[in-house]
Amino acid sequence: YVGQTAAKTMAVLEQARGGVLFIDEAYTLSRGSDNDFGQEVIDTLLKYMEDHRDEIVVIVAGYVELMEDFIHSNPGLESRFNRYLHFPDYTAEELLEIFLMRCEKGCYVLTDDAKAELQQYLANVQNMHTSFGNARGVRNLFEKILVQQANRLSAQNTVTRDNLMELNLSDVQAALSDLETQLEAMGM
């Protein structure tokens with residue numbers, strides 16, 4: 001609500017005082033319209049950082065290009081955020097490991113041919129689509145594969161425990177097909 005943004009921001013800053021405030025996807029604060037409260041958050045944050053410079057560490061994070069726009073959106077941000085750490089994107093092998101960890105956590109088994117298909121896709125996706133969100137993209141893909149598995153199993157008369165645990169090539173291919181259709185619809 002109008003008039004509450006600064007007070008709520010101040011409460012969060014006070015809670016972090018003496019420690020670290022981490023703001024993920026911080027660029028969203030500067031991408032709003034005139035009716036957005038992001039600028040009020042930025043103004044409150046900057047004043048607090050100046051007034052309590054020895055009492056709080058503020059870390060802002062996000063995608064490189066968007067964070068550059070954010071930092072350059074306000075001279076106060078540029079002067080206060082002057083140290084940068086860049087973490088490289090995950091490799092295709094690391095993305096596959098993240099996927100396999102999700103499988104293990106959910107007690108799923110990925111068949112060898114499904115793993116090979118997924119590995120090939122992950123090797124290509126980062127070059128083709130800059131919108132692929134690394135671990136988030138893997139999580140979303142994992143969930144799409146689970147939906148495809150559920151669709152496949154719902155057509156069977158009987159389902160065993162092993163069936164419920166197995167993610168196969170058809171599940172992966174159907175999920176990838178759906179994903180590609182979505183990306184094409186978005187013009188990517």
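Begin by selecting C107, which sits in the loop joining α5 (92–105) to β3 (109–110). The model on screen is a predicted one. Although C107 is not a glycine, its phi is positive, at about 65°.

Next, select E25, in the loop between β1 and α2. E25 likewise is no glycine, and its phi is positive, at about 55°. Is E25 buried, partly exposed or exposed? Its relative accessibility of 26% makes it partly exposed, because that class lies between the limits of 20% and 50%.

From this loop, move to the strands. Select V20, F22, V57 and I59 and display the surface: these residues form a nonpolar patch with about 360 Å² of accessible area together. Which strands supply the patch? Both β1 (20–24) and β2 (57–61) contribute at least two residues each. Within the patch, V57 belongs to strand β2, and its relative accessible area of 44% places V57 among the partly exposed residues.

Now turn to helix α1 (residues 5–16) and select L13. With a relative accessible area of 1%, L13 is buried. Which residues does L13 touch, leaving aside those up to four places away in sequence? The contacts are L21, T44, L45, Y48 and I56. For a sense of distance, draw a line from the C-alpha atom of L13 to that of N140: the two are separated by 32 Å and stand 127 residues apart along the chain.

Two of the residues that L13 touches, T44 and L45, lead to the next selection, helix α2 (residues 38–51). Its 14 residues should span 20 Å at 1.5 Å a residue, and its end C-alpha atoms are indeed 20 Å apart. Colour the buried residues of α2, which are G38, V41, I42, T44, L45, L46, Y48 and M49. Against which elements do they pack? Show α1, β1, β2, α3 (64–71) and α4 (75–80) to see the partners of these buried residues.

The last stop is helix α7 (residues 135–154). This helix has 20 residues and reaches 29 Å from its first C-alpha to its last, close to the 28 Å expected at 1.5 Å a residue. Select G137, V138, L141, F142, I145, Q148, Q149 and L153, which are buried in α7. Then rotate the view to look down the axis of α7: the buried residues fall within an arc of 145°, and therefore line one face of the helix.

Notes: Residues are numbered from 1 along each chain as its sequence is written. This is a predicted model: local features need pLDDT of at least 70, side-chain atom pairs count only at pLDDT 80 or more; totals for chains, interfaces and linings use all residues. Side-chain values use heavy atoms; hydrogens and water are left out. Patches are made of residues with over 30% relative accessible area and no salt bridge: like charges are joined within 9 Å, nonpolar side chains (Val, Leu, Ile, Met, Phe, Trp, Tyr) within 5 Å. Accessible areas come from the Shrake-Rupley method with a 1.4 Å probe; for residues, only the protein chains shown count as cover. A salt bridge is a side-chain nitrogen of Lys or Arg within 4 Å of a carboxyl oxygen of Asp or Glu. Helices (H or I, at least four residues) and strands (E, at least two) are DSSP runs, numbered from the N terminus. Buried means under 20% relative accessible area, exposed over 50%, partly exposed in between (1.4 Å probe, protein chains only). Contact means heavy atoms within 4.5 Å. The expected span of a helix is 1.5 Å times one less than its number of residues. The arc is that of the directions from the helix axis to the C-beta atoms.
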